[in-house]
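Okay everyone, thanks for coming. I'll put the sequence and the structure up, and then we'll walk through them together.

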Amino acid sequence: LIKTAWGGKSLAVDFRPPASGQGPYDDDDVKPSDYGTKYRQMVQEIRAGLDDLPNIIPHNYKNAPKGDDDDDNDKYEILGFVWFQGWNDMIDWRSVDEYDV
């Protein structure tokens with residue numbers, strides 16, 4: 001389990017994936033550089049966690065049978081992703097409207 005979490009953030013701005021483009025928030029409170037900051041940080045933290053797996057669970061990586069051509073013991077598989085979203089996207093109708101897209 002790799003956990004990343006922040007409170008008081010929104011999908012519409014903070015966790016906006018780059019593929020979603022810039023949102024409809026052209027007011028003074030949201031700068032273009034604000035979009036996706038926590039999304040990018042989350043991806044970095046997940047990658048760092050996956051890169052550190054040999055240190056976290058070394059027995060998976062060091063106890064592979066000698067001469068075994070099957071390298072499954074040193075691989076991982078992501079089986080799921082859980083997202084809990086709070087209410088921050090519900091307080092601005094521009095955010096709510098984006099969920100229909």
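**A walk around the model**

So, let's start with one residue: Met 90 sits in the loop between α3, residues 58-62, and α4, residues 93-98. Keep in mind that what you see is a predicted model.

Is Met 90 buried or exposed? Its relative accessibility is 61%, and the bar for exposed is over 50%, so Met 90 counts as exposed. And Met 90 has company out there: together with Trp 87 and Ile 91, Met 90 makes a nonpolar surface patch of about 400 Å². Now look across to Ser 10. Met 90 and Ser 10 are 80 residues apart along the chain, and yet their C-alpha atoms are separated by 9.2 Å.

Let me zoom out for a moment. How many helices and strands does the protein have? If you go through the model, you'll find four helices and zero strands. Reading along the sequence, that gives you α-α-α-α. The chain has 101 residues, and 18% of them count as buried. As for the surface, the protein exposes about 8,000 Å², with carbon and sulfur atoms supplying 52% of that. And here's one on contacts: take those between residues at least 6 apart in sequence, and 50% of them join residues at least 24 apart.

Next up, the aromatic rings. The count here comes to three aromatic pairs. One of them is Trp 6 with Phe 15, and this pair is tilted, with 5.6 Å from centre to centre and 50 degrees between the planes. How covered are these two? Trp 6 has a relative accessible area of 26%, so we call Trp 6 partly exposed. Phe 15 comes out at 7%, and buried means under 20%, so Phe 15 counts as buried.

Phe 15 pairs with Trp 83 as well. Which way do those two rings face each other? They are edge-to-face: 85 degrees between the planes, and 5.0 Å centre to centre. What I like here is that this pair links distant parts of the chain. Phe 15 is in the segment before α1, Trp 83 is in the loop between α3 and α4, and their positions lie 68 residues apart in the numbering. Trp 83 is at 31% relative accessibility, so Trp 83 counts as partly exposed. Put the ring pairs together and you get a cluster linking Trp 6, Phe 15, Phe 81 and Trp 83.

One more residue before I finish: Ala 19, which is also found in the segment before α1. With a relative accessible area of 81%, Ala 19 is exposed, because the line for that is over 50%. From Ala 19 to Gly 36 you go 17 residues along the chain, and their C-alpha atoms are separated by 10.0 Å.

Last thing: how sure is the predictor? The average pLDDT of the protein is 78, and 79% of the residues score at least 70. Which element gets the lowest mean, and which the highest? Among the elements, α3 has the lowest mean pLDDT, at 72, while helix α1, residues 37-51, has the highest, at 91. As a general habit, where pLDDT is low, don't read the predicted coordinates in detail.

That's it from me, so over to you.

Methods:
Residues numbered from 1 in each chain as written. Predicted model: local features only at pLDDT ≥ 70, side-chain atom pairs only at ≥ 80, totals over all residues. Heavy atoms only, no water. Patch = residues over 30% accessible without salt bridge, like charges linked within 9 Å, V, L, I, M, F, W, Y side chains within 5 Å. Areas by Shrake-Rupley, 256 points an atom, 1.4 Å probe, with all protein chains shown as cover. Salt bridge = Lys/Arg side-chain N within 4 Å of Asp/Glu carboxyl O. Helix = DSSP H or I, 4+ residues; strand = E, 2+ residues; numbered from the N terminus. Buried < 20%, exposed > 50% of the residue type's maximum accessible area, 1.4 Å probe, protein only. pLDDT = per-residue confidence, 0-100. Phe/Tyr/Trp six-rings, centres within 6.5 Å; stacked < 30°, edge-to-face > 60°. Contact = heavy atoms within 4.5 Å.
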